[in-house]
Amino acid sequence: MVLVIIIVIGSFLWWFTKIWLEQLKYRQYLLPYSGPKPLPLLGNSLLFKSLADFIPVTKRLAEEFGKSFVFYFGPKPRLIIGEHQTAEFLLGSQTIIDKSYEYNYFHDWLGTGLLTSTGQKWKSRRKLLTPAFHFQILEKYVDVFNKQSNILVEKLKERVDAGPFDIFPYVALCTLDIICETAMGVQINAQTDSTSSYVWSVQEMCRIFLERSFSPLKMVNIIYKLTPMYRVQKKVISVLHGFTNSVIRSRKANFTRTTLNGGNDEGLLKRVAFLDLLLQYNLSDEAIREEVDTFMFEGHDTTASGISFALYCLSKHPSVQLQVVEELQTIFSGDNGREPTYQDLQEMKYLEMVIKESMRLYPPVPGFSRILNENTSFNGAVLPKGLTLTIHAVLLHRNSDIFPDPEQFDPDRFLPENSRSRPPYAYVPFSAGLRNCIGQRFAMLELKATISKILRNFEILPVPDHEPQLSIEAILRSYNGLPIVLKARSF
């Protein structure tokens, strides 16, 4: 027994010393960058009491140490990037394409699909999947956007003249219905049955990812697998994979293989589901599940965040809301009953400016991280192998050197004449470079379709004195909700 105790204590001391020496090595490399002094094992994690502290704390650190600074999440350092020159170095690189270690927390769910894979596998998958977002295929998704946003409108009618309520939960169920139907070709009716096990499992998996990302102990696999959270994860993964596998088997059994013909195959274009395209290729069931689950994850909460914050901004700025409504009245010529077409959505130019400005202030994906696989020279210094670099999109998008009066909501920033000279990596709501978001056109269509449908039915009023407390989770959320008030609109 004494020997076991000695071995355990010795192993811990060896591990602790190894981590401490690694921190010293990193700190020597990172002398050109300032940052708060880290503790040997906890790093700077004690600066946070909750997830709601992350953005205000990092904004304060940026003011103290500069727009890019070093921060330690547990024992591991990371360079937090809040200015466009370093963002361009990272996102514009042809070689720094490996995602950082926290993306590994998704491997049990997403495997090594497009989000988490690297190297040749990522390159081949990206090339394979790009045709799935051809405009002729995206056009077919508009019917799904319309159908599910109509259900959302019916749900929201129950809130007319009923006082303030948080818009995010309503929108999140709508976007989950949309992504299930477009990705897998199935209807889970989340808006009418929000208690389903699949809905719960998606939400739980995102929560687990965040808790691991901010917990120095749970970052260590051997420790994490001893926690109750790991047992919850296994249950969640079983539900998520079971559902996706059953859909794949069902659609495979009813699928008639067709030959791709330059993206113009009539059989393909009549289908809607992303899964149907994958069935055209010689992929294993596991590979198909990886990509469908990835599309489900990336296309659900991100669009929910984008839609919800845009609606919140419109509630706070009635003159902007009126301009959007006037644009919609011109497009639909007073015919409120007509469903928007793909072409109608393309014509919503001012609404697109509103969405872009909302995503500037409230980027749905608040950070993009990469890890260095070798020592890398930048700006006269050497960044060490193993260093994580994270673009802090909220800091980047609120850089007063690029966006004057950055806290002010102003869609005119995205007029062509105002955008033309802006540095390309100063605004990256969908990332940029090689690993930019493959589904960004899909997302913009969904945002336009949903927001325009709501504005054609409701006037959105503000809740006085409410300011969102931003929380970095798997997406950007408001810790204290996004309350609005609805009033019926005569369109």
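Accessible areas here come from the Shrake-Rupley method with a 1.4 Å probe, and for residues only the protein chains shown count as cover. By that reckoning the chain exposes about 21,700 Å², with carbon and sulfur atoms supplying 54% of it. Bear in mind that this is a predicted model: local features need pLDDT of at least 70, side-chain atom pairs count only at pLDDT 80 or more, and totals for chains, interfaces and linings use all residues. Residues are numbered from 1 along each chain as its sequence is written, and side-chain values use heavy atoms, with hydrogens and water left out.

Of the 491 residues, 55% count as buried (under 20% relative accessible area, against over 50% for exposed and partly exposed in between, 1.4 Å probe, protein chains only). The chain has 20 helices and 11 strands, which are DSSP runs numbered from the N terminus (helices H or I, at least four residues; strands E, at least two).

Now go inside. The largest nonpolar core has 128 residues, and L176, M184, Y198, F274, M296, F442 and I451 touch the most other members. Such a core is a set of buried Ala, Val, Leu, Ile, Met, Phe, Trp, Tyr and Cys residues joined through side-chain atoms within 4.5 Å. Its largest share, 11 residues, comes from helix α7 (residues 168-184). A second, separate core of 23 residues includes L30, V70, F368 and Y425.

Finally, try helix α5 (residues 119-129), whose buried residues are W122, R125, R126 and L129. Seen down the axis of α5, they fall within an arc of 100°, so they line one face of the helix (the arc is that of the directions from the helix axis to the C-beta atoms). On the other side of α5, Q120 and K127 are exposed.
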